[in-house]
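Colleague: Please take a close look at the largest pocket for me. What kinds of residues make up its lining?

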Amino acid sequence: MPKPAPVQKALDGWSNKEALDFLRNFNVNDLTIGAPAALWYHRYAAQTNKTAILVRRQPIMEMPKATLREIGKITATTELGTMTLDEFLVHPDSYAQGFIVVHKGKIAYETYPGMAELDPHFWASVAKILASMAVDILIDDGRIDENMTLGHYVPEFRGSVWETIKVVNALDMSAGLDVRDDATQFADPDSVTSRLFRAELGEERDGKIEYMLDVLLDAKRVEESGKNYIYSSGVTQSLVFLAEAVSGRPWSDFFDDRVWSKIGAEGPLQVHLSPDGIAIVHGPVSSNLRDLARVGLLYTPSWSAISTERIVSPSALDRIQNSPRTKEFYFGGEAGSGQRFSKRLGDNTIRTAARQWDAVFEDGDFFKSGLNTQGIYVSPDRDLVIAYFSTERSQQIQKYLRPIALSEAFD
């Protein structure tokens, strides 16, 4: 089967000269525009960022294969035309690298058109669900009340606009601050969002490298918290400081102890760090694709197939599926975050967003996407997980998710 030409480089490898050039010159702009350097970074983020390595601590819990060939025959219409999933994944302009479907703990479909199957790959914003997972664990422990404010728990936030934001509003991307992920913010080098991203990669501003926390403290309020869904990596990062303040531990150590050490993963979880040592959980996390799917299984009845403990509690799952957030919350506001995700998914049954997930559907399924087309889709009622990696900007692959989930294969 032919490989997609643009991502073939990830399989062929880079020369020493190419690798050194990327390592020495990689910058935030390369990642946000999906430059050729992004393909390299997706595989080798640990060579650019400081990285906490969360090793496998359990025997590998294999996911047996139960192939359903009809999945590859499911069709969708994208900018590349109407074609089957099999055809789309090998199309030269799909930039797809890996795609997996897991049903009842078994692999129903798996292909790697643009990466080696055990290679680590950058999750991008899919990592945001780990930030909310950690906070929900602390809520279940009784150590965080989601109706209390960030300032109640994080001393560093006191005296700033972050102080009065309720934990639940940070979890649901509704802080009401000028820290937004959108084209305007990305293009403005002085925006909090742009400065945050540059600080994470150690890029200088006015001759010095800023600290992530200092950048966040410069945020300003633009609307009432809890009113609208406004997508923000900076808000996700506030949850990292929250988990560290409450647990008293570095985020990666807490997550290792409470989550990763319980999973029968095939490889490590790479949690990439800022120059000042802060876990960047809004995006820079890497693993192989099957281990991303294992994280999705934590939200399904098959959690015990890949974990020694139930990590996502029934209460935490209920807070996602039955969030009180409305369609008005999802689609409201000038930022228009809900419209963006709805258009990409090509589905009008999205009810809202919650707990860092981009879309919660009326049937209880939920979905999270990441820059350059990474993603994970979870259907607890169908006991189904879909995950994929890619290096392209348009998110066209999302058009296949609901057709797969709603297909006769998973009735």
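**The largest pocket**

Modeller: Of the residues lining the largest pocket, 17 are nonpolar, 13 polar and 10 charged (Ala, Val, Leu, Ile, Met, Phe, Trp, Tyr, Cys and Pro are nonpolar, Asp, Glu, Lys and Arg charged, the rest, Gly included, polar). Keep in mind that this is a predicted model, where local features need pLDDT of at least 70 and side-chain atom pairs 80 or more, while totals for chains, interfaces and linings use all residues. Numbering runs from 1 along each chain as its sequence is written, and side-chain values use heavy atoms, without hydrogens or water.

The pocket holds about 910 Å³ of space, and its lining takes in 40 residues (a pocket is an open set of 1 Å grid points where a 1.4 Å probe fits, with protein on both sides within 12 Å along at least five of seven lines; lining residues have an atom within 4 Å of a point). Nearest the centre you'll find Thr32, Asp181, Phe186, Phe197 and Leu371. At least two lining residues each come from α3 (28–32), α9, α10 (192–200), α17 (337–345) and β11 (366–370) (DSSP runs: helices H or I, at least four residues; strands E, at least two).

Have a look at the lead-in to α9 too. Asp182 sits in the loop between α8 (167–171) and α9 (183–187). Its relative accessibility is 17%, so Asp182 counts as buried (under 20%, 1.4 Å probe). The Asp182 side chain makes a 3.0 Å polar contact with that of Arg180 (N or O atoms within 3.5 Å, one able to donate a hydrogen, the other to accept it). A polar atom of the Asp182 side chain also lies 2.8 Å from the backbone nitrogen of Gln185.

Note on methods
Buried means under 20% relative accessible area, exposed over 50%, partly exposed in between (1.4 Å probe, protein chains only). Grid points are joined across faces, edges and corners, and a volume is the space filled by probe spheres set on the points.
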